[in-house]
Amino acid sequence: MTAKDKTKTKAISLDEIERCIRLYAPNADLSLLSKAYTFSSEAHFGQVRISGEPYHHHPLEVALILTQLKLPPSSIIAGLLHDVLEDTTVTKEQLCAEFGEEAATLVEGVTKIGQIAFKSLEEKQAENFRKMVVSVAQDFRVLLIKLADRLHNMRTLHALPEEKQKRIAQETMEIYAPLANRLGIGWMKSELEDCALRYLKPDIYQTLVKKVEAGLSARTTYIETVIEEVRSTLAANGINGKIYGRTKHFVGIYQKMMRRGIPFEEVYDLMGIRILTDSRMNCYAILGIIHSLWPPIPSRFKDYIAIPKPNLYQSIHTTVVGPEGQHVEFQIRTEEMHKLAEEGIAAHWVYKEGGPVREKDEKTFAWLRQLVEWEQDITDTRQFMDSVKSDLFGDMVYIYTPQGDVKELLRGSTPIDFAYAVHTEVGNHCVGAKVNGKMAPLGYILNSGERVEILTSPNHLPNRNWLKLVKTPKAKAKIKHFILTTERTKSLEIGRKLLERELKKAQLNPKEVLNGDQILNGVKPIGIHTLEDLFAGIGYGKIRAASVIAPLLPEPHFKTEAPKEIKKNDSEKGAIKVKGLGDIMVHISSCCTPVPGDEIIGFVTRGRGVSVHSRTCPNIDHFTYNQDRLIEVSWERAAGITHCVDISVLTVDQPGVLGAVSTAISQDAANISRAEIVTTQDQKATLKFSIQIRDATHLQQVLNHIEKVEGVLRVRRVRKEGVK
């Protein structure tokens, strides 16, 4: 059934849900299920979805999806009730009284994920995900209910406006489908992706649907022929195996087309064959039989039984050149492996029987512990989301420790990443590495299957250069945390010494002053409430010690105003307001050269005052290791001040174009301070100008006028690269 078909299914009944539960839990107590259904229906009475259907249809659909995961009745009840705390007047206390603490806590966990107001959609997505991580750490079923909720929302996404469709589909493709994959729920991951593709790339989706359906009959006949030959060969060799065909989902087809740069007609393995057997040994025996029937394609063989995927998925994948020269993909696994592949984490015994997690099951939850660790270590929300998307859902390599354990790392990782994967202290004291028994540099890119031994020294510590070598968010976070802690410790020491020196110069007793309240009362207006923050601010250069003690001096010595936001002026770059005390030098960063109108942020440098960057500057990410040195700055209106900006204009190479572009710039009262022309062999020219403009609005006006000049192909603002 396609994503399109699923939007047309009729409303289900409670009887259908009960029948599904009985199939996998025939002795389950369903006495509260009917009560939950009635409670949910009454709570949502009168509410309708945007599609026009009664709202209580949605909780029923979510509950049915949860039965596909074979969850216990308490989880199904939570699915029926999952929206009552958020969308009705029902309280948690009522849920506890009616359905027990377990169901009420699950509902609360799902509800908390979406109840905060945020400044932007990006922030909302990131913070909602953080809350989900915290909730999931308490009970994994919260995530399963949230995924079921998202799946039904995707099935009915057609009722929403196009803008919302694309936003929700993008979030599903980036977050929820990979999460389903990490949980090992393959069917849910595939359906979420196909639903998302339908709205993100509707033309491509509809084309794929038509082309897949057009050749379905011929492909089915072909696959049945191959299956019959495999079945008879297995029987002749006395090997048990259930064999059936499977169709590749639309996103899988689309990704293969994009990855290989081929048209639909050259995707030969649109259908595959899956074989289920009774033992691991028989999996390899069946593999040998298939390879004896048809030649395998070496590059298309993967043994996920020997090295399972991060979600514990196990199967052998092999593609052969089958009858008539067509490629056929086989998946070979045991019944137990197949159950885990279909139900994923939901099949795990610990959530049905309770009790301690067995040692061999620890890997099942390792990635969750990693998520929780990131959530605690990475304070910047955007950085947290980037870490999740890249590491959790990225392409992985599998590296062996000297003891034979496997560590999962992001592709492109180095020995330093591996060291931090082993233990934070191993990473912090890493001095070298042996890869497959031979010394390798710390910047060596690791490959799957390699054996790595880390060499350590108690006197060796991380440095900033390591940030250029590591790939995994865990390693980056640990290195940044170490640098931040070390630099803060140094700044605290420097700040204390500078303040004590100023106090002694003013003939004040440092011990008495620092033990009193007056000095902190004087800096509270600028957001400083502890002596530690005050020392750090002075040590980083944000605050001048002399300004801090000025209010403590007798009247004749009182030469500085009380703490407040001080205006800072740079005669060349314009007026900037910095939140801080004392005379702090301010300069515009040359890597992004922001102008009035651009959103800006300040970074306290060593010995050069505050460097002002655009908030979109690519180098901002390099500063996140030390949040304490970021400072709020803003533009001030200043008449007559101009700013130098570099622009690049791509034109056809013909007479008169340079003059016309120069005239367009001058007509907008923008002065040209430098011009450079570079011509190419394809009859084009690049004109590079440095121009003086008032602000971002003035710059855009100039760019718009240049764009209208005949012969101009493209015009853009140029920002320099590299950390400044």
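This is a short tour of the helices, sheets and cysteines in the chain.

What you have is a predicted model, in which local features need pLDDT of at least 70, side-chain atom pairs count only at pLDDT 80 or more, and totals for chains, interfaces and linings use all residues. Residues are numbered from 1 along each chain as its sequence is written, and side-chain values use heavy atoms, with hydrogens and water left out.

**Overall picture**

The chain has 29 helices and 21 strands; these are DSSP runs numbered from the N terminus, with helices being H or I of at least four residues and strands E of at least two. Of its 724 residues, 49% are buried, where buried is under 20% relative accessible area, exposed is over 50% and partly exposed is in between, using a 1.4 Å probe and protein chains only. Take the contacts (heavy atoms within 4.5 Å) with a separation of 6 or more: 65% of them come from residues 24 or more positions apart.

**A helix pair**

Helix 3 (residues 31–43) and helix 5 (residues 73–81) have axes that come within 9 Å and cross at roughly 10°. Axes here are lines fitted to C-alpha atoms, for helices over the stretch in contact, and angles run from 0 to 180 degrees between N-to-C directions. That crossing makes helix 3 roughly parallel to helix 5, the label for angles under 35 degrees (over 145 is roughly antiparallel, 65 to 115 roughly perpendicular, and the rest oblique). On the helix 3 side the contact is made by L32, L33, A36, Y37, F39 and S40, and on the helix 5 side by I76, I77, L80 and L81. By class, that gives nine nonpolar, one polar and no charged residues. Ala, Val, Leu, Ile, Met, Phe, Trp, Tyr, Cys and Pro count as nonpolar, Asp, Glu, Lys and Arg as charged, and the others, Gly among them, as polar.

**Sheets and strand pairs**

Two strands pair if DSSP finds at least two bridges between them. Here are four such pairs:

| Strand pair | Direction | Bridges |
|---|---|---|
| strand 8 (residues 430–435) and strand 9 | antiparallel | three bridges |
| strand 13 (residues 586–588) and strand 15 | parallel | three bridges |
| strand 14 (residues 600–604) and strand 15 | antiparallel | five bridges |
| strand 19 and strand 20 (residues 684–693) | antiparallel | eight bridges |

One open sheet has three strands in the order 9-8-10, with antiparallel pairing. Strand 9 (438–440) and strand 10 (452–456) are its edge strands. Neighbouring strands are turned by 35° against each other on average, direction ignored. Helix 21 (residues 415–422) packs on this sheet, touching strand 8 and strand 10, and its direction makes about 85° with that of strand 10.

Strand 15 (residues 610–614) is mostly covered, with five of its five residues buried. V610, V612 and S614 point one way, S611 and H613 the other. Opposite S611 stands H587, while I601 stands opposite H613.

Another open sheet, with four strands in the order 19-20-18-21, also pairs antiparallel. Strand 19 (671–679) and strand 21 (712–718) each have a single partner strand, so one side of each is left without a neighbour in the sheet. Twist averages 20° from one strand to the next. E676 has K688 in strand 20 as its bridge partner. Helix 28 (residues 657–667) packs on the sheet, and its direction makes about 20° with that of strand 20.

**Cysteines**

How many disulfides does a search of the whole structure find? Zero, with a disulfide taken as a pair of cysteine sulfur atoms within 2.5 Å. C20 counts as partly exposed because its relative accessibility is 24%, whereas C283, at 0%, counts as buried.
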